[in-house]
Amino acid sequence: MSVLVFVENISGNFKKSAYEVVSYAKTIAKSVNKELVAISIGDVSEENLLNLGKYGANKILTVNADNLKSFVNQAYASIIAQAAKQEDAKIIVLSNSFSGKGLAPRIAAKLEAGLADGVVELPKIDGESFEVKKTAFSGKAFAITALRSDIKVLALNANSFEIREDAVEAAIVNFEGSPSQEDFGAVVKDIVRATDKISLPEAEIVVSGGRGLKGPENWGIIEDLAKALGAATACSKPVSDAGWRPHAEHVGQTGIAVSPNLYIAIGISGAIQHLAGVSSSKVIVVINKDPEAPFFKVADYGIIGDAFDIVPKLTAAINAHKDS
Ligand SMILES: Cc1cc2nc3c(=O)[nH]c(=O)nc-3n(C[C@H](O)[C@H](O)[C@H](O)COP(=O)(O)OP(=O)(O)OC[C@H]3O[C@@H](n4cnc5c(N)ncnc54)[C@H](O)[C@@H]3O)c2cc1C
């Protein structure tokens, strides 16, 4: 028996969330006295694979076929489910990322497993009882879910569990897997990066602007701050609806959900629909001239004042600090 964790990579490098899920799965594996097996799909160097051992992966299954270089939902789900059967995995952990959201229910269906997605804490395991805390209603509430199935699939929210080193000797094993032809009903033909900008869902820091910026011509102060911090830019819905910014930047309930280490909200009121997509950010900084703005209630740090006065000063201070 084992615990299986799926580790995602981008262009051969593991994402931060991959180390989070390995650390999380290792903690579970230790608590139930099982081995931790990681599965990686795609072209990842041996050095990067072995690095997973630093976080507790005892065995690393590597799958590398030409037709699996890019993410193919059904095929990846088939391979992970096959690996779970081979390793007799009773607990399967993934990141609740864009890919993980597609994979987790498919894997659960294939294995007739119970599924908890949006997981934010370690499960409480007591004999046969297995309970896990997860987000509900777009992050506005938490639910405790009891999984009663023999096999359990958990999709962990980013930033919910810290990366923990727990070095073990890791063994790399090639795993073939045999996805069916039907699994390749849709394939990625090519990936073209739209811009050189930092990808919003993957960003560690996000600088976001709202209607308080008054118009698209004022977005330079947002971009300058983002550049100084190496951050991605985002906006509220009315901003993209008005065409001030592209829709791909709109975050919230109906936009992209982000969970960076730092989210800076500038001239955004903090409506519940906006908070639904950003509230799992680790640290939230709010800049708003209205001290009653709802965003201040969820902020870790708040600056009350005019964005046009504060943001350029903040950018200058960050640049001066970087130069010193
Ligand atoms: C079904 C539904 C889904 C929705 N989904 C989303 C979603 O996914 N994402 C989203 O963002 N919204 C969403 N909305 C809209 C949401 O309800 C709010 O209307 C929206 O978030 C408000 O955007 P805002 O804060 O930029 O603008 P406003 O509400 O107009 O707030 C502007 C803020 O800027 C401040 N301000 C003004 N001038 C300055 C200045 N010079 N310096 C500093 N601060 C200043 C003001 O005090 C104010 O707090 C949705 C709404 C509905 C009904």
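These are my notebook entries on the ligand site and on two pairs of packed helices in a predicted model.

**Entry 1: the shell around the ligand**

I began with the residues that surround the ligand, and I counted 26 of them, with Ser-236, Thr-254, Ser-269, His-274 and Asn-288 as the closest. I then sorted this shell by residue type, which gave 14 polar residues, 6 charged ones and 6 nonpolar ones.

**Entry 2: polar contacts with the ligand**

I next looked up individual atoms, and I noted that Thr-254, already listed among the closest residues, places a polar side-chain atom 2.7 Å from a nitrogen atom of the ligand. For Gly-267 I found that a backbone N or O atom lies 3.0 Å from an oxygen atom of the ligand, while for Lys-289 a backbone N or O atom lies 3.2 Å from a ligand nitrogen atom. I also looked up how much of the ligand is covered, and I wrote down that the protein buries 76% of the 990 Å² that the ligand exposes when taken alone. The elements that supply two or more residues to the shell are helix H6 (237-241), helix H7 (272-275) and helix H8 (307-323).

**Entry 3: helices H5 and H8**

Since helix H8 had come up at the ligand, I looked up its packing with helix H5, residues 220-229, and found an angle of about 25 degrees with the axes 9 Å apart. Angles under 35 degrees count as roughly parallel, so I recorded H5 as roughly parallel to H8. The crossing of these two helices, H5 and H8, is left-handed.

**Entry 4: helices H3 and H4**

Last, I turned to helix H3 (residues 73-86) and helix H4 (residues 98-111), which pack at an angle of about 50 degrees, their axes lying 9 Å apart. I therefore entered H3 and H4 as oblique to each other, and I noted that their crossing is right-handed.

Key: Residues numbered from 1 in each chain as written. Predicted model: local features only at pLDDT ≥ 70, side-chain atom pairs only at ≥ 80, totals over all residues. Heavy atoms only, no water. Near = heavy atom within 4 Å. Polar contact = N/O pair within 3.5 Å; in protein donor to acceptor, adjacent residues only side chain to side chain. Areas by Shrake-Rupley, 256 points an atom, 1.4 Å probe, with all protein chains shown as cover. Helix = DSSP H or I, 4+ residues; strand = E, 2+ residues; numbered from the N terminus. Nonpolar A, V, L, I, M, F, W, Y, C, P; charged D, E, K, R; others polar. Axes fitted to C-alpha atoms, helices over the stretch in contact; angles between N-to-C directions. Parallel < 35°, antiparallel > 145°, perpendicular 65-115°, else oblique. Left-handed = near helix turned anticlockwise from the far one by under 90°.
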